[in-house]
Amino acid sequence: MAYKIIASQCSGCSACEAECPNTAIREKGGTFVIDPAKCTECEGHFDAPQCVAVCPVDGCIKKV
């Protein structure tokens, strides 16, 4: 499984990008996207996905 950033809700703040231990998050067109091939939901690094933990917009990042 992986997470997805809902583009219409993303504020483009970039908080999530620096927190990803797998460099799975990148900027695209003013918002951010998660590469599902690289996303491990932070397993082996943290107890919870860090992108979700630091995102200031509730519900912006969803599990797919």
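C42 is a good place to start: this residue is buried, with a relative accessible area of 6%. Keep in mind that the structure you are looking at is a predicted model. From C42 we can move to two other residues, E41 and Q50, and then step back to the whole chain.

**C42 and E41, side by side in a loop**

- C42 sits in the loop between strand 3 and helix 2.
- E41 belongs to the loop between strand 3 (31–34) and helix 2 as well.
- Is E41 buried or exposed? With a relative accessibility of 13%, E41 counts as buried, because the cut-off for buried is under 20% relative accessible area.
- Now look at the backbone: most residues other than glycine have a negative phi.
- C42 is not a glycine, yet its phi is positive, at about 65°.
- E41 is also a residue other than glycine with a positive phi, in this case near 60°.

**Q50, a partner of C42**

- Where is Q50 found? Look for Q50 in helix 2, which covers residues 50–54.
- Q50 has a relative accessible area of 16%, and that makes it buried.
- Which residues does Q50 touch, once its neighbours within four places in sequence are left aside? The answer is E19 and C42, so you can follow a contact from helix 2 back to our starting residue, given that contact means heavy atoms within 4.5 Å.

**The fold as a whole**

- The chain holds two helices and four strands.
- Starting at the N terminus, you will meet these elements in the order β-α-β-β-α-β.
- The radius of gyration of the chain is 10 Å, close to the 11 Å that the globule rule gives for 64 residues, so the chain is as compact as a globular protein of that length.
- If you trace the C-alpha atoms along the principal axes, the chain spans about 30 × 20 × 20 Å.
- Take the contacts between residues at least 6 apart in sequence: 56% of them join residues at least 24 apart.

**Inside, surface and charge**

- How much of the chain is buried? Of its 64 residues, 31% count as buried, and C42, E41 and Q50 are among the buried ones.
- On the outside, the chain exposes about 4000 Å², and carbon and sulfur atoms supply 51% of that area.
- The chain carries 6 positive and 8 negative charges, and the mean positions of the two groups are 9 Å apart.

Definitions and conventions. Residues are numbered from 1 along each chain as its sequence is written. This is a predicted model: local features need pLDDT of at least 70, side-chain atom pairs count only at pLDDT 80 or more; totals for chains, interfaces and linings use all residues. Side-chain values use heavy atoms; hydrogens and water are left out. The radius of gyration is taken over C-alpha atoms; the globule rule is 2.2 Å times the number of residues to the power 0.38. Buried means under 20% relative accessible area, exposed over 50%, partly exposed in between (1.4 Å probe, protein chains only). Accessible areas come from the Shrake-Rupley method with a 1.4 Å probe; for residues, only the protein chains shown count as cover. Lys and Arg count as positive and Asp and Glu as negative; His and the chain ends are not counted. The place of a charge is taken as NZ of Lys, CZ of Arg, CG of Asp or CD of Glu.
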